[in-house]
Amino acid sequence: SEFILSSFIPIWECRGLVRLLLSLAASSQAAPPPSMTTSHTSSFPIPHAIMKNSLSILSFILLLSPLFALSNTSFGAENTEGIKYDHFHEILKEEAVGRLDELGKVSDANGYLERTFQSPASIRAGNLLRAWMEDAGLKTWVDQMGNVHGRAEGINPSERALLIGSHLDTVIDAGFFDGSLGIICAISALKALNSSGRLGKLRRPVEVIAFSDEEGVRFQSTFLGSAAIAGILPVSALQVHDKNGVTVQGALRARSIETTEENLLLLKYEPESVWGYVEVHIEQGPVLENVGLPLGSVKGIAGQTRLKVTVKGTQGHAGTVPMNMRQDPMVAAAELIVFLESLCKQPDYYLSYDGQCTSSTVESLAGSLVCTVGEISTWPSASNVIPGQVTFTVDVRAMDDSGREAIIYEFSNRLYHICDRRSVFCNVERKHDANAVVCDPGLSTQLKSASYTALKRITGEDPGDVPVLMSGAGHDAMAMSHLTKVGMLFVRCRGGISHSPAEHVLDDDVWAAGMAVLAFLETLL
């Protein structure tokens, strides 16, 4: 009977009926009473005529079951193939949550999470992820930029592959979920497929990539891992150095990865070999929490520019140089930072309308523009010394690329005026640029549908409409959009907090995310 229930009758509501009929059939063959009897599985009397024909009724149901299997309707916790999704609870929730916790403890610092490009902790994290990929039945390797790959070939290895990924590096004093969640959910979903014997039935290859660097903390150059795969990382990036003078190439060489200009170019995937890229990521904002849903589909990602501003003045004694004779780069930097805040709060007040900056551009900025100074350093950084040099970073993001450029132009223009007035030297370097990205409508629709399916399987209820969001944060999907179509799925995080140890995702939301990836992968079976 268990074979029948699991293989031939995939409709949840039929289980009790089939068990009853099997019981009645057994009873009727053993000792049929002359008139009325009571089945041991029921508290009410059953006519002997029904018992006598129970095998015929059961046979009729079994004849109909292939028709049920061909339908697209799913009921309760099983699908039309009889897959019991509650059985994946251990993989998609309990194990996934445990792995996120374990990965979050792999850090280069004591007392907080820090894992930067090719650091000792990043190597340990990569080895851990590789072991989990192999546990899911994937073939694994590490490429010349330190990216960790796990691939399932499916039934047709020559088909264009689906890539699923996120980053394994972190910011300083990070949370456990940024980047890691997307990798763990993908591995868990593929493990669920493997545990049910369906991993080899995928119509196209599926490859999980844990990108080595997205945050850009160590080298101030984001997307090192995904940009190399997408073919947009310039070979000059190998010679970019960190604060200790170590180059990207040197950091890789220290981990026994010899990366030259030639084999860096070979990392690029050919567009005709890739079907699409999907990324699961925490929202890093409050919208999903406000609407009370764990998942949301993403329709686009804001463009981003990072600047490094250097202000040089005259270093001197804090007690002997009169105030009106100082060329102080610190106060000049302070004025520049306050101006940037005013510019980004009221762009319509500062921007002039011309052929490049229209009223619609300014209006779009009003709803999406954000500017941040996240890092300041001084030299010689002593309490009794007027600094000789101050450097600070500027991060500008907006949905409208032309509006973002208008903000940078206005800031740069005003910067030189302020520096001239204060008799200090100023220089602006563009460290990173990424245009806004529109997610593929088809992939977005599929991810939205997969999210709906996942939530319904978990709760057994209609979850309502899955929200569609914009992303103000940069993601590896921005780099991958240069290679292929991209789609993203956001997962609710408590308070919208990210880049902080207070970053948190509910266990049930981890489960929902993994279930959504699984539902998406099932469309490839």
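**View 1. The two faces of helix α16.** Let's start on the outside of this predicted model: Pro441 and Thr445 are exposed on one side of α16. Across from them, the buried residues of the helix are Leu443, Ser444, Leu447, Ala450, Ser451, Ala454, Leu455 and Arg457. These buried residues lie on the same side of α16, because the arc they cover around the axis is only 160°. It helps to recall that an α-helix has 3.6 residues a turn, so residues three or four places apart point the same way.

**View 2. What covers the buried side of α16.** Here we look at the neighbours of those buried residues. Their cover includes two strands, β7 (274-282) and β8 (295-301). Also among the covering elements are β18 (486-491) and helix α18 (507-522).

**View 3. α16 from end to end.** Helix α16 takes in residues 441-459, 19 residues in total. At 1.5 Å a residue it should span 27 Å, and its end C-alpha atoms are indeed 27 Å apart, so the two values agree. At the start of the helix, a side-chain oxygen of Asp440 comes to within 3.1 Å of the backbone nitrogen of Gly442. After the helix comes Gly460, which has a positive phi, near 75°.

**View 4. Thr140 and its polar partners.** Now over to strand β3 (residues 139-142), where Thr140 is found. Thr140 has a relative accessible area of 11%, so this residue counts as buried. Its side chain makes a polar contact of 2.8 Å with the side chain of Arg130 and another, of 2.7 Å, with that of Glu134. Leaving aside residues up to four places away in sequence, Thr140 also touches Met133, His149 and Gly150.

Terms used. Residues are numbered from 1 along each chain as its sequence is written. This is a predicted model: local features need pLDDT of at least 70, side-chain atom pairs count only at pLDDT 80 or more; totals for chains, interfaces and linings use all residues. Side-chain values use heavy atoms; hydrogens and water are left out. Helices (H or I, at least four residues) and strands (E, at least two) are DSSP runs, numbered from the N terminus. The expected span of a helix is 1.5 Å times one less than its number of residues. Buried means under 20% relative accessible area, exposed over 50%, partly exposed in between (1.4 Å probe, protein chains only). The arc is that of the directions from the helix axis to the C-beta atoms. Contact means heavy atoms within 4.5 Å. A polar contact is a pair of N or O atoms within 3.5 Å; within protein, one must be able to donate a hydrogen and the other to accept it, and residues adjacent in sequence count only if both atoms are side-chain atoms.
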